[in-house]
Amino acid sequence: QRQASLLKRTTTKETTGPSEEDLVTVMKVHEELKGDLVAISDKFGISLRRLEDDRPRDGRDFAVRLLAGEYSLDATEDAKSRFRERLLTELGITSCRLKRTTTKEAVAAA
């Protein structure tokens, strides 16, 4: 009861997404880098693979998606995905090296 009276009343602020200022800032960087996905992934620390898979249409599209978190990757899921791809590649290479054999069955004396 006493502690509740010490708390200050406040109003909740709701956001509707990134501000126009934030969008313009990201768009300028995109423009400076001339849309180069490698440079963009380095600059923002995002996955190049994710950028290539879901290529932005223009600077504004990139800014909206970046600030919405669409280019963020779960590191664990990314590692699993790369592991699966590598495993499939290696299995394909290894299976080509295998040679067909016939299995001999031993007959047990009763």
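**Figure 1. Salt bridge between R65 and E70 in the predicted model.** The side chains of R65 and E70 meet in a salt bridge, with a nitrogen-to-oxygen distance of 3.9 Å. The structure shown here and in the following views is a predicted model. R65 belongs to helix α5 and is buried, at 14% relative accessibility. E70, by contrast, counts as partly exposed, with a value of 36%. Salt bridges with shared partners join these two residues with R50, D54, R57 and D61 into one network. Apart from residues up to four places away in sequence, R65 touches D54, R55, P56, R57, E70 and Y71. Among the residues that R65 touches are thus further members of the network, including D54 and R57.

**Figure 2. Further salt bridges of the network.** This view presents two other pairs from the network that also includes R65 and E70. D61 forms a salt bridge with R57, and the closest N and O atoms of the pair are 3.6 Å apart. The burial of the two partners is as follows: D61 is buried, with a relative accessible area of 10%, whereas R57 is exposed, with 70%. A salt bridge also connects the side chains of D54 and R50, at 3.6 Å from N to O. D54 is partly exposed, its relative accessible area being 22%, and R50 likewise counts as partly exposed, at 23%. In the whole structure the count of salt bridges comes to seven. As a general point, side chains of opposite charge can pair when their charged atoms come close.

**Figure 3. The largest nonpolar core.** Ten residues make up this core: L23, V26, L37, I40, I46, L51, F62, A63, L66 and Y71. Helices α2 (20-32), α3 (37-44) and α5 (59-68) each supply at least two of the core residues. The largest share comes from α5, which provides three residues. In soluble globular proteins, nonpolar side chains tend to be buried together.

**Figure 4. Surroundings of L51.** L51 is a member of the largest nonpolar core and is placed in helix α4 (residues 48-53). L51 counts as buried because its relative accessibility is 0%, and buried means under 20%. Leaving aside residues up to four places away in sequence, the contacts of L51 are with L37, I40, S41, I46, P56, F62 and Y71. Several of these residues, including L37, I40, I46, F62 and Y71, belong to the core as well. L51 and L73 are 22 residues apart along the chain, and their C-alpha atoms are separated by 11 Å.

**Figure 5. S41 in helix α3.** S41 lies in helix α3 and is buried, with a relative accessible area of 6%. With residues up to four places away in sequence left out, S41 touches I46, S47, L48 and L51. Two of these contact residues, I46 and L51, are part of the largest nonpolar core. The C-alpha atoms of S41 and L67 are separated by 14 Å, the two residues being 26 places apart along the chain.

**Figure 6. Aromatic cluster.** F44, F62 and Y71 are linked into a cluster by ring pairs. The structure holds two aromatic pairs. F62 and Y71 are also members of the largest nonpolar core, and both are contacts of L51.

**Figure 7. Backbone at K34.** K34 has a positive phi of about 55 degrees, although this residue is not a glycine. K34 is placed in the loop between α2 and α3. K34 is exposed, with a relative accessible area of 74%.

**Figure 8. Nonpolar patch on the surface.** F83, L87 and L91 form a nonpolar patch, and together these residues have about 290 Å² of accessible area. One of them, L87, lies in helix α6 (residues 75-97). L87 is partly exposed, at 39% relative accessible area; this residue can therefore count towards a patch, for which over 30% is required.

Technical notes:
Residues numbered from 1 in each chain as written. Predicted model: local features only at pLDDT ≥ 70, side-chain atom pairs only at ≥ 80, totals over all residues. Heavy atoms only, no water. Core = buried A, V, L, I, M, F, W, Y, C linked by side-chain atoms within 4.5 Å. Buried < 20%, exposed > 50% of the residue type's maximum accessible area, 1.4 Å probe, protein only. Helix = DSSP H or I, 4+ residues; strand = E, 2+ residues; numbered from the N terminus. Contact = heavy atoms within 4.5 Å. Patch = residues over 30% accessible without salt bridge, like charges linked within 9 Å, V, L, I, M, F, W, Y side chains within 5 Å. Areas by Shrake-Rupley, 256 points an atom, 1.4 Å probe, with all protein chains shown as cover. Salt bridge = Lys/Arg side-chain N within 4 Å of Asp/Glu carboxyl O. Phe/Tyr/Trp six-rings, centres within 6.5 Å; stacked < 30°, edge-to-face > 60°.
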